[in-house]
Amino acid sequence: MSNEDTPENADKEPKSMQGSSEEQPPEPREDATRPNPALEPTEQDEPEEAARHEPPPPADGHDGHSDHGLAHTMPVWMLIAVLGALMGLTVLTVSVTSFDLGSEGNLVVAMVIATIKAALVVTFFMHLLWDKKFHLILFLTAVLFVVLFLSMSITDRGEYQKNIDLYQSTTSAAAK
Amino acid sequence: MSESTSESATSAPKKGGHGAAAPAHGGHDAHDAHGAHGHGGPHLAHHFDTYQQQFDAGKLGIWLFLLTEVLFFSGLFCAYTVYRGMHPEVFVYAHYFLNTTMGAINTCVLLISSLTAAWAVRNAQLAQRKLLVLNILITIACACTFMVVKFFEYEHKFHDGLLPGPAFHPTEQVWELETFKHKHPEAAEYAEKLTKAAEAKDAAKAAPAPAAAGAAVAETGVFERPTEEQLEPLIKAGVLGPTAEDQTRPSKPRNAHVFFGIYFFMTGLHGIHVLGGIGVFIWLLLRANKGEFGPKYFGPIDYAALYWHLVDLIWIYLFPLLYLIH
């Protein structure tokens with residue numbers, strides 16, 4: 001942690017990145033809202049924000065938001081908290097196998113815990129909470145199609161279970 | 001830099017400026033990165049107008065790639081689901097052969113590497129070069145640990161004949177395993193007794209003296225009614241009952257080898273992804289060490305970390321599905 005040059009600013013920056021437009025990161029973030037066309041008039045991505053700073057921004061001139069503004073920065077405490085939760089859930093899912101929770105109970109519990117863990121990874125480690133909503137839609141689309149794929153296959157298998165049972169009873173009878 | 005920003009009121013001078021500005025920022029440490037600001041910095045590809053555009057394009061690309069990865073793996077998850085639905089006993093049988101401790105260690109190792117990968121993204125965003133290099137190193141170390149543990153698991157399975165298809169010749173019966181004995185001591189004992197009785201029967205058939213053989217069968221004393229604790233785990237694992245391969249004695253369930261086909265395919269494909277991740281992170285380590293990443297340009301770290309989290313995510317499902325079967 002010793003070589004973090006702006007540790008106290010680092011965690012604040014994500015909140016203010018949308019409106020910030022100045023060049024110097026160590027400066028207090030209050031400056032971000034102060035219109036200062038002299039600094040960087042063409043740095044705006046959002047048209048309305050650009051208009052606030054300087055009325056005629058060139059169409060091709062919008063750069064990134066600010067120095068740290070390309071994406072959300074995760075605070076360290078949050079990363080470590082997420083790891084702690086993931087580790088705790090791993091211990092839980094291992095220890096819960098020693099209890100009998102009915103025919104499919106253990107599988108359901110294991111899958112619920114795995115899904116909570118997956119949600120933690122996707123939300124925090126993969127930044128989806130702060131990311132563009134389009135990426136979330138992409139990911140959920142993939143999940144939707146996996147669910148469709150699996151459920152259709154399970155239903156289809158159920159349809160043919162009779163044939164499988166018949167086949168197996170005849171082959172095991174033949175083995176005898 | 002702000003002067004040059006003002007100059008770039010039209011597109012022509014700005015685009016022309018890309019090449020000219022690039023050498024000026026060749027050093028590109030943290031402070032240069034602040035100044036580079038979308039005007040042909042060393043890491044802004046010529047076909048992008050801004051760093052933001054470059055980053056967003058890459059991010060969309062990696063998410064599309066992850067989408068295909070999820071669907072790619074879902075084929076194997078489908079095979080697993082269908083086969084487990086058809087033959088639950090095969091999965092109960094086979095899971096005794098897997099080492100839960102090793103699986104749990106690998107889970108923790110991957111989770112830690114996920115943390116360091118996510119932390120590395122933060123380091124790159126804040127231009128913390130030393131921490132970035134350290135976190136990438138830990139990520140690589142964890143990935144290598146994962147592969148070493150996996151290697152020992154695979155080696156053990158090769159040694160014990162736990163292979164897919166016709167190569168499946170387990171050297172041990174499931175009730176002889178420590179994992180089984182620990183969980184169901186009475187059932188293990190009962191299976192042992194049944195096996196001895198069946199062997200005695202075989203000997204009786206072969207031997208010409210029926211009296212002695214009959215005594216041998218009686219000695220084993222398996223004809224008492226078995227208790228629930230003795231019977232149930234064996235039936236659940238397909239050792240006894242209609243799904244058992246051999247109806248005359250405790251044996252393995254039919255098609256037990258299919259589990260190992262699924263196991264090797266799922267963990268193998270995941271392992272290949274881990275190896276790929278190691279390669280990518282070694283490449284990024286070298287680049288990070290040169291100080292290439294900063295607040296304007298941390299995309300590669302972010303994309304590799306996203307990929308790495310997906311690999312972790314798949315393992316989060318694989319671990320309970322393969323190792324923690326009840």
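This passage describes chain A, the two largest pockets and one buried residue of a predicted model. In this predicted model, local features need pLDDT of at least 70 and side-chain atom pairs count only at pLDDT 80 or more, while totals for chains, interfaces and linings use all residues. Residues are numbered from 1 along each chain as its sequence is written, chains are lettered from A and ligands numbered from 1 in the order in which they are written, and side-chain values use heavy atoms, with hydrogens and water left out.

Chain A is a good place to begin. Its secondary structure consists of seven helices and zero strands, where helices (H or I, at least four residues) and strands (E, at least two) are DSSP runs numbered from the N terminus. Of its 176 residues, 45% count as buried, meaning under 20% relative accessible area with a 1.4 Å probe and protein chains only. The accessible surface of chain A, from the Shrake-Rupley method with a 1.4 Å probe, comes to about 9,300 Å², and carbon and sulfur atoms account for 69% of this.

The largest pocket has a volume of about 1,200 Å³. A pocket here is an open set of points on a 1 Å grid over the protein atoms alone, where a 1.4 Å probe fits, with protein on both sides within 12 Å along at least five of seven lines; lining residues have an atom within 4 Å of a point. The volume is the space filled by probe spheres set on the points, which are joined across faces, edges and corners. Of the 41 lining residues, A:M111, A:L150, B:F77, B:Y317 and B:L321 are the closest to the centre of the largest pocket. Two or more residues each come from α5 (105–125) and α6 (133–159) of chain A, and from α4 (51–86), α5 (88–95) and α13 (299–323) of chain B. The largest share, nine residues, belongs to α5(A).

Helix α4 of chain B also holds B:S74. This residue is buried, with a relative accessible area of 3%. Beyond its neighbours within four places in sequence, B:S74 is in contact (heavy atoms within 4.5 Å) with A:V146, A:F149 and A:L150.

The second largest pocket has a volume of about 660 Å³. Its lining comprises 27 residues, and A:T97, B:Y96, B:K183, B:H184 and B:H326 lie nearest its centre. Helix α11(B) gives the largest share of this lining, five residues.

How values were computed:
Buried < 20%, exposed > 50% of the residue type's maximum accessible area, 1.4 Å probe, protein only.
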